[in-house]
Amino acid sequence: MRANYKVLIIDDNIIDQIVTKQLLRKTLGITEISTANNGKEGIQWLTNYKISVEESLIILLDIKMPEMDGFEFLLKYEMLSEELKKETQIFMLSSTLDPNDITRAKNNTYVKTLLSKPLPIKKFGKMIYPDSSL
């Protein structure tokens, strides 16, 4: 049985949001997708988010954003409830080539992995649905 995922895309680029939503819907059948335009909006969304037993949350987090970037988001995320963090997986999704960003993402406790834009949907699908034949 497939897990029932809700996805939060935190990215300031509207085109990237649209492309990622379409990939998630058409390839993986994920329909519950929310967006935030920066880390601050993402934290606000999470603060209002109610955990449901039947679903897990996936966050697709960009690095470079105005107001609050991906790493600043992760610092605030660390202060959220353990119950929420237990049901959440964070994947950084960025076009960065900066070796410092890559190292910081790989070394962050909460980040499962860093993926390059556009979302490599088959690779991502195998990560969240390891038993499927994508």
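**A five-stranded parallel sheet with its helices, cores and salt bridges**

In this predicted model, five strands form an open sheet, and their pairing is parallel. The strand order is 2-1-3-4-5. Strand 2 (33-36) and strand 5 (111-116) are the edge strands, and each pairs on one side only. On average, neighbouring strands of the sheet are turned by 25° against each other, direction ignored.

At one edge, strand 5 runs parallel to strand 4 (residues 88-94), and five bridges join the two. Within this region, Ser 94 stands opposite Ser 116 of strand 5. The connection between these strands involves helix 5 (residues 99-107). Strand 4, helix 5 and strand 5 together make a right-handed β-α-β unit.

Two helices were examined for their placement against the sheet. Helix 1 (residues 14-28) lies across strand 1 (4-10), strand 2, strand 3 (55-61) and strand 4. The angle between helix 1 and strand 2 is about 165°. Helix 2 (residues 39-48) lies across strand 1, strand 2 and strand 3. Relative to strand 1, helix 2 runs at about 150°.

Attention then turned to the nonpolar interior. In soluble globular proteins, nonpolar side chains tend to be buried together. The largest nonpolar core of this model has 24 residues. Leu 46, Ile 59, Leu 61, Phe 73 and Met 92 have the most contacts inside this core. Strand 1, helix 2, strand 3, helix 3, strand 4 and strand 5 each give two or more residues to it. Helix 3 gives the most, with four residues.

Ile 59 illustrates how this core is connected. Neighbours within four places in sequence aside, Ile 59 is in contact with Leu 8, Ile 10, Leu 46, Phe 73, Tyr 77, Thr 88, Gln 89, Ile 90 and Phe 91. Leu 46 and Phe 73, both in this list, are also among the residues with the most contacts inside the core.

A second, separate core has 17 residues. Among them are Ile 30, Leu 115, Ile 121 and Tyr 129. Leu 115 is found in strand 5. Its relative accessibility is 1%, so Leu 115 counts as buried. Residues up to four places away in sequence not counted, Leu 115 touches Phe 91, Met 92, Leu 93 and Ser 94. Leu 115 also touches Pro 120, Lys 123, Phe 124 and Met 127. Ile 102 lies 13 residues from Leu 115 along the chain, and the C-alpha atoms of the two are separated by 9.9 Å.

Charged side chains were considered next. A search of the whole structure finds seven salt bridges. One of the pairs is Lys 6 with Glu 32, whose closest N and O atoms are 3.3 Å apart. This pair links distant parts of the chain, 26 residues apart. Lys 6 belongs to strand 1, and Glu 32 to the loop between helix 1 and strand 2. Lys 6 counts as buried because its relative accessibility is 16%. Glu 32, with a relative accessible area of 37%, is partly exposed.

Another salt bridge brings together the side chains of Asp 62 and Lys 117, at 3.4 Å from N to O. Here too, distant parts of the chain are linked, 55 residues apart. Asp 62 sits in the loop between strand 3 and helix 3 (70-77). Lys 117 sits in the loop between strand 5 and helix 6 (121-128). At 5% relative accessibility, Asp 62 counts as buried. The pair does not stand alone: Asp 11, Asp 16, Asp 62 and Lys 117 are linked in a network of salt bridges.

A further salt bridge joins Lys 85 and Glu 82, with 2.9 Å from N to O. Both residues belong to helix 4. They are three residues apart, so about one helical turn separates them. Helix 4 spans residues 82-86. The two partners are placed unlike each other with respect to the surface. Lys 85 counts as buried, at 8% relative accessibility. Glu 82 is exposed, with a relative accessible area of 58%. Beyond neighbours within four places in sequence, Lys 85 is in contact with Tyr 77, Glu 78, Leu 80 and Tyr 110.

How values were computed: Residues numbered from 1 in each chain as written. Predicted model: local features only at pLDDT ≥ 70, side-chain atom pairs only at ≥ 80, totals over all residues. Heavy atoms only, no water. Pairing = 2+ DSSP bridges. Axes fitted to C-alpha atoms, helices over the stretch in contact; angles between N-to-C directions. Contact = heavy atoms within 4.5 Å. Salt bridge = Lys/Arg side-chain N within 4 Å of Asp/Glu carboxyl O. Buried < 20%, exposed > 50% of the residue type's maximum accessible area, 1.4 Å probe, protein only. Right-handed = clockwise from strand over helix to strand, strands pointing away. Core = buried A, V, L, I, M, F, W, Y, C linked by side-chain atoms within 4.5 Å.
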